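Colleague: Could you take me slowly through one part of this model, explaining what surrounds it and how the rest of the chain is held to itself? I am new to this, so please begin with any term I will need.

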Amino acid sequence: MEELLILGETEFQILAAAMGLTRIYGIRPKSEPDEAAVMYTIHEMAGKGILVQEGGGFRLREPYRTAVLSMKEAGWILAVTGKDREMSDACFYLGDRLVSLEESLQDESAIKIGVHEREELFPQLSDRGFLPKPFLDPDIAGLQERETAFWDEENVYARYLLLAAGGERQEAVRDFSLIREAGGYRVAERTGDLREYWEYEAQAFYEMLISCMG
């Protein structure tokens with residue numbers, strides 16, 4: 001079952017801190033809330049039913065609790081950056097559940113959190129335009145262009161940073177770029193100053209990403 005949650009930036013920062021998330025990928029906080037802002041936001045979240053008063057404190061209500069705990073316990077993080085303006089950057093936390101985290105394009109102060117089953121990663125990437133799309137067979141000029149193609153940031157369609165999450169830190173494991181060329185797409189992996197290239201169909205590229213996660 002899929003859940004889509006919308007939180008304000010301060011709301012999300014408070015929940016993340018309360019659940020022990022010390023480092024967040026997928027959002028860029030605009031500011032650090034002061035004590036007055038924190039107290040006011042907690043009062044607002046209680047009014048919305050996000051927090052439920054229990055004894056002398058508060059309990060985080062579902063599905064918010066599942067979302068934050070799944071992020072904290074995720075073994076892998078896939079951070080995806082799209083070049084087109086309509087492609088919202090997103091982070092996918094892969095644990096027992098898949099959690100997507102992104103900033104809202106409509107409201108810069110809002111955070112969008114999706115809670116999905118793990119197998120929903122492929123449609124999530126596909127629906128957002130983050131996977132290779134089939135091209136028509138290239139003509140002779142297109143083939144010649146591919147023969148002389150080289151790494152060019154202008155041709156990067158999307159970037160995938162795969163991180164192994166554990167404890168209080170995340171470590172980058174693989175760094176891929178999806179490059180659009182005449183006639184199709186190629187995938188480049190950056191290893192230090194070196195880059196290796198492959199061609200993939202959408203499903204094959206997805207399966208390659210999954211295999212990297214062990």
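Modeller: Two strands are said to pair if DSSP finds at least two bridges between them. In this predicted model, strand β2 (residues 51-54) and strand β3 (residues 57-60) pair in the antiparallel sense over four bridges. Within that pair, Glu-54 stands opposite Gly-57 in β3, and in the hairpin, where two residues lie between the strands, Gly-55 takes a positive phi near 65°.

With that term in hand, we can turn to the part I would like to examine closely, strand β6, which covers residues 98-103. This strand is mostly covered, since six of its six residues are buried, and a residue is called buried when its relative accessible area is under 20%. In a regular strand the side chains alternate between the two faces of the sheet. In β6, Leu-98, Ser-100 and Glu-102 point one way, while Val-99, Leu-101 and Glu-103 point the other way, and all of them are buried.

Strand β6 has a partner in β5 (residues 90-94), and these two pair in the antiparallel sense over four bridges. Cys-91 stands opposite Leu-101 of β6, and a hairpin of three residues joins β5 to β6. Another partner is β7 (residues 110-116), which runs antiparallel to β6 and is joined to it by six bridges. Here the bridge partner of Glu-103 is Ile-111 in β7, and the hairpin formed by β6 and β7 has six residues between the strands.

Beside these strands there is also a side-chain contact to consider, for Arg-97 forms a salt bridge with Glu-117, with the closest N and O atoms 3.6 Å apart. This pair links distant parts of the chain, because Arg-97 lies in the loop between β5 and β6 and Glu-117 in the loop between β7 and α4 (121-127), 20 residues apart. At 30% relative accessibility, Glu-117 counts as partly exposed.

That contact belongs to a wider set, as the structure holds six salt bridges. In one of them the side chains of Glu-11 and Lys-48 meet at 2.7 Å, N to O, and this pair also links distant parts of the chain, with Glu-11 in helix α1 (residues 9-18) and Lys-48 in helix α2 (residues 35-48), 37 residues apart. The partners differ in how they are covered: Glu-11 is buried, with a relative accessible area of 6%, whereas Lys-48, at 51%, counts as exposed.

Another salt bridge is formed by Arg-174 and Glu-189, whose closest N and O atoms are 2.5 Å apart. Arg-174 lies in strand β9 (residues 169-181) and Glu-189 in strand β10 (residues 184-191), so the pair ties together parts that are 15 residues apart in sequence. Arg-174 is partly exposed at 27% relative accessible area, while Glu-189 is buried at 9%. Furthermore, salt bridges that share partners join Arg-159, Asp-175 and Arg-190 into one network.

Finally, we can look at charge on the surface, where Glu-2, Glu-119, Glu-120 and Asp-127 form a negative patch. One of these residues, Glu-2, lies in the segment before β1 (3-8).

How values were computed:
Residues numbered from 1 in each chain as written. Predicted model: local features only at pLDDT ≥ 70, side-chain atom pairs only at ≥ 80, totals over all residues. Heavy atoms only, no water. Buried < 20%, exposed > 50% of the residue type's maximum accessible area, 1.4 Å probe, protein only. Patch = residues over 30% accessible without salt bridge, like charges linked within 9 Å, V, L, I, M, F, W, Y side chains within 5 Å. Areas by Shrake-Rupley, 256 points an atom, 1.4 Å probe, with all protein chains shown as cover. Salt bridge = Lys/Arg side-chain N within 4 Å of Asp/Glu carboxyl O. Lys, Arg positive; Asp, Glu negative; His and termini not counted. Charge placed at Lys NZ, Arg CZ, Asp CG, Glu CD.
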